[in-house]
Amino acid sequence: MERADLHDKDTVFTRTGDFADRDAFTAAGWCAMERSLEVVGTRSAMMLVREAFYGGRRFDDLVRRTGLAETVASKRLRQLVADGLMERRPYRVPGARTRHEYVLTERGRSLFPLFVALMNWGSATDGGRGGVELAHAGCGEALLPAVRCAAGHDVGIEETEARLVTSRPAADEPSR
């Protein structure tokens, strides 16, 4: 198997197989990171997702807690619903018109590891200002993001290989 091992202090991943020749292809249009950022790659999207994780549901609360303009929040919520991250549900307070609240779907909840990683990264780079800390309800310790392979091994950046895949394996098949 062809490998692109530079073995210097600046190397991040080892590229293998067809990915070893970085100039032989472009990632534009098929990169999973690119597709993800198309959905949640804006500040407004992540602020709305944050508030949903914190329990916010109603439009007025989401706007107030994020500080977003109503037009921006409305547009972004429509997109989050269209992308399957949130569900729009009607509710009605007695004596008032029917309104809508927004709740995370299972797809939206799957962003939890990313949410934890971004919270920890932000806390580590904020100069000690404090803020919300996510903790395990069972023991009280802070949550930490972790990277593991499908076999359950903790994996560091120096142990990571990047390879091209043409399709995803079925859930019960190995990833090679």
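## Salt bridges, rings and a nonpolar core

A search of the whole structure, which is a predicted model, turns up six salt bridges. Let us look at three of them before moving on to the rest of the chain.

Which residue pairs with Asp60 in a salt bridge? The partner is Arg99, and their closest N and O atoms are 3.1 Å apart. Asp60 sits in helix H3 and Arg99 in strand E4, so this salt bridge ties together parts of the chain that are 39 residues apart in sequence. Asp60 is partly exposed, with a relative accessible area of 41%, and Arg99 is partly exposed too, with 26%.

Here are the three salt bridges, with the N to O distance and the relative accessible area of each residue.

| Salt bridge | Closest N to O | Relative accessible areas |
|---|---|---|
| Asp60 and Arg99 | 3.1 Å | Asp60 41%, Arg99 26% |
| Arg89 and Glu87 | 3.5 Å | Arg89 35%, Glu87 36% |
| Arg148 and Asp154 | 2.9 Å | Arg148 52%, Asp154 54% |

In the second row, Arg89 is partly exposed, and so is Glu87. In the third row, Arg148 counts as exposed, and Asp154 is exposed as well.

### The overall plan

Now step back and look at the chain as a whole. It has six helices and five strands. If you walk along the sequence, you meet them in the pattern β-β-α-α-α-α-β-β-α-α-β. Of the 176 residues in the chain, 24% are buried. The chain exposes about 12,800 Å², and carbon and sulfur atoms supply 52% of that area. Among contacts with a separation of 6 or more, 43% join residues that are 24 or more positions apart.

### The nonpolar core

In soluble globular proteins, nonpolar side chains tend to be buried together. The largest nonpolar core here has 20 residues, and Leu77, Leu80 and Met86 touch the most other members. Which elements give two or more residues to this core? They are helix H1 (32-40), helix H2 (43-53), helix H3 (59-66), helix H4 (70-82) and strand E4 (99-104). Helix H2 gives the most, with six residues.

Met86 is a good place to zoom in. Setting aside neighbours within four places in sequence, Met86 is in contact with Leu48, Ala52, Leu77, Leu80, Val81, Tyr102, Val103, Leu104 and Thr105.

### Rings that meet

The structure also holds three aromatic pairs. In one of them, Phe53 and Phe115 are stacked, with 4.7 Å from centre to centre and 25° between the planes. This pair links distant parts of the chain, since Phe53 is in helix H2 and Phe115 is in helix H6 (residues 112-124), 62 residues apart. Is Phe115 buried or exposed? At 5% relative accessibility, Phe115 counts as buried, whereas Phe53, at 23%, counts as partly exposed.

Phe115 has another ring partner in Tyr54: this pair is edge-to-face, with 6.0 Å from centre to centre and 75° between the planes. Tyr54 lies in the loop between H2 and H3, 61 residues apart from Phe115 in helix H6, and this pair too links distant parts of the chain. Tyr54 is partly exposed, with a relative accessible area of 37%. Together, Phe53, Tyr54, Phe112 and Phe115 form one aromatic cluster.

Methods: Residues numbered from 1 in each chain as written. Predicted model: local features only at pLDDT ≥ 70, side-chain atom pairs only at ≥ 80, totals over all residues. Heavy atoms only, no water. Helix = DSSP H or I, 4+ residues; strand = E, 2+ residues; numbered from the N terminus. Buried < 20%, exposed > 50% of the residue type's maximum accessible area, 1.4 Å probe, protein only. Contact = heavy atoms within 4.5 Å. Areas by Shrake-Rupley, 256 points an atom, 1.4 Å probe, with all protein chains shown as cover. Core = buried A, V, L, I, M, F, W, Y, C linked by side-chain atoms within 4.5 Å. Salt bridge = Lys/Arg side-chain N within 4 Å of Asp/Glu carboxyl O. Phe/Tyr/Trp six-rings, centres within 6.5 Å; stacked < 30°, edge-to-face > 60°.
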